[in-house]
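Subject: Handover of a structure, with notes

Dear colleague,

Please find below the structure that I am handing over to you. My notes on it follow, and I would be grateful if you read them with the model open beside you.

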Amino acid sequence: MKKQHDRSSSASGTLPEVPDKSESIATLREENARLRAEISQLRTYQSEVREPAWDSAMQQGIAYADGVSHTSSLSAGRLLKQLNGMAKQRQEEGLIRNSDEFDDLPKPESDQAALEADFVRWGYCLVADAMSPEQIKAQVDRMTEQAAAERKLNSAVMTSQKSTAQLVNNLVLKGQVFRDAVEFKPSAAQKGELVDRLLTKIMGERFGLGCAHGSIVHQGGGLQELHVDQAGFPMPYPPFPFGSLIIWCYTEFNLDNGATYLVPGSHRTASGATTFHDGADLVRLVEGEPGLVAVCAPPGTCILTDTRVLHGGGLRTAPGTRYAMRCHYNRWFVRALHEQASVNHHVPDSVYEELSPRLKQMMGIERSNLQPVGELRGNDRTYASPK
């Protein structure tokens, strides 16, 4: 085919020669042959990467991430030892910054898509105006009343030296206003339904309640070691969290007020793989950018976290008191992670009657029944002895 000049084009020169049918077919066949050869090479490579033989696996015996089952669950604790004292050191050296100093870190939001994006990227998100001022007041009033009664009875749980912080455990047993908030009723949390939807996406349907307790932090209290909230599970972790810690902020959260310290993005990579694994350099995560920050949030905000993200309680240096409620939720197949949750199995009759069906399911007591079942229904209890 002869070359032609395109007179309608602003470019001078000749047009490329158009191949005929036979030439096109030949080119496609060459490309097809090349692709087949590449696929063949890839298949050869894949076949060379084989699973270990059963004989070697059987000779190794029962093996877990750290050797044997009774120590494998401690692997996370050993990994966290590299961070001992680091939160205190960085606080004393003024190296912890407020999260609102970083433009890309989560800010209070109401849009679910934006909240999900923050949770995926940074390991936490902030639900704006999750509680109204009136809802906050009702819960703080009940919490302070309960805290005072427990101090008077010498049964208070003080979590810092010089009584600068108090934990008010098992709030589901200590007020309807807390029970309503724990199951996200709009009467106690005006955006509870949004929080509920987010938690359902994080953990799936019918998630359970690990604990719900009040946090009262005065000046000089609140500091914790950095940790992850699923450290009780043996590693390696799957590419998803086993639960979520949520924090209802009753008062202002910032660095001076003792806001939660957190290492944004310390929970996973973009592919979903957890960054918390044997050999991980956690110090690098804390000292990197943005590093360890204090999560900033106005009163009424609800903070949702991935249980793999590094975090800890922050030291309050300002006068006054910070109030919050912390609730830990687990996937449906996970029993409560916190020792406080043992109360779920010791609910007074008067409180049990007040629990909704969903709250009973969350607490794992929806099928509680003092009556014997099945083959134990007969009068002869001889074979039901606990000994």
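Which residues does Ser 215 touch, not counting residues up to four places away in sequence? Before I answer, please note that this is a predicted model. The residues that Ser 215 touches are Met 143, Gln 166, Arg 322, Tyr 323, Ala 324 and Arg 326. Ser 215 itself lies in strand β5, which covers residues 208-218. Its relative accessibility is 4%, so Ser 215 counts as buried.

The chain as a whole

The protein chain has 387 residues, of which 43% count as buried. Its secondary structure comes to 12 helices and 11 strands. If one takes the contacts between residues at least 6 apart in sequence, 80% of them join residues at least 24 apart. One pair of residues remote in sequence is Leu 209 and Lys 360: 151 residues separate them along the chain, while their C-alpha atoms are 9.5 Å apart in space. Leu 209, like Ser 215, lies in strand β5. Leu 209 is buried, with a relative accessible area of 4%.

The sheet of 7 strands

Strand β5 belongs to an open sheet of 7 strands, whose order is β2-β9-β6-β11-β5-β4-β3 and whose pairing is antiparallel. At its edges stand β2 (124-127) and β3 (157-158), each of which pairs on one side only.

Strand β6 (residues 243-249) deserves a closer look. Of its 7 residues, 7 are buried, so β6 is largely enclosed by the rest of the structure. In a regular strand, side chains alternate between the two faces of the sheet. In β6, Gly 243, Leu 245, Ile 247 and Cys 249 point one way, whereas Ser 244, Ile 246 and Trp 248 point the other way.

What joins β6 to the strands beside it? Strand β11 (residues 321-330) is joined to β6 by 7 bridges, and the two run antiparallel. Within this pairing, Ile 247 stands opposite Arg 326, and Cys 249 stands opposite Ala 324. Both Arg 326 and Ala 324 are also among the residues that Ser 215 touches. Strand β9 (residues 302-306) is joined to β6 by 5 bridges, again in an antiparallel arrangement. Here Ile 246 stands opposite Leu 304 of β9.

Beyond β6, the loop between β6 and β7 (261-262) holds Asn 257. Asn 257 has a relative accessible area of 14% and is buried. Apart from neighbours within four places in sequence, Asn 257 is in contact with Glu 252, Arg 316, Ala 318 and Arg 322. Arg 322 is thus named for Asn 257 and is also one of the residues touched by Ser 215.

Two helices on this sheet

Two helices lie across strands of the sheet just described. Helix α6 lies across β2 and β9, and runs at about 155° to β2. Helix α9 lies across β2, β6, β9 and β11, and runs at about 160° to β6.

Two packed helices are described by the angle between their axes and the distance between the axes. For α6 (residues 112-122) and α9 (residues 192-203), the angle is about 45° and the axes are 11 Å apart. That makes α6 oblique to α9. The crossing of α6 past α9 is right-handed. On the side of α6, the contact is made by Gln 112, Leu 115, Glu 116 and Phe 119, and on the side of α9 by Leu 194, Arg 197, Leu 198, Lys 201 and Ile 202. Sorted by class, the contact has 5 nonpolar, 1 polar and 3 charged residues.

The sheet of 4 strands

There is also an open sheet of 4 strands, in the order β1-β8-β7-β10, with mixed pairing. Its edges are β1 (97-98) and β10 (311-312); each has a single partner strand, so one side of each is left without a neighbour in the sheet. The partner of β1 is strand β8 (residues 293-294): 2 bridges join them, and they run parallel. In this pairing, Arg 97 stands opposite Val 293.

With kind regards

Note on methods
Residues are numbered from 1 along each chain as its sequence is written. This is a predicted model: local features need pLDDT of at least 70, side-chain atom pairs count only at pLDDT 80 or more; totals for chains, interfaces and linings use all residues. Side-chain values use heavy atoms; hydrogens and water are left out. Axes are lines fitted to C-alpha atoms, for helices over the stretch in contact, and angles run from 0 to 180 degrees between N-to-C directions. Angles under 35 degrees count as roughly parallel, over 145 as roughly antiparallel, 65 to 115 as roughly perpendicular and the rest as oblique. A crossing is left-handed if the near helix is turned anticlockwise from the far one by less than a right angle, and right-handed if clockwise. Contact means heavy atoms within 4.5 Å. Ala, Val, Leu, Ile, Met, Phe, Trp, Tyr, Cys and Pro count as nonpolar, Asp, Glu, Lys and Arg as charged, and the others, Gly among them, as polar. Buried means under 20% relative accessible area, exposed over 50%, partly exposed in between (1.4 Å probe, protein chains only). Two strands pair if DSSP finds at least two bridges between them.
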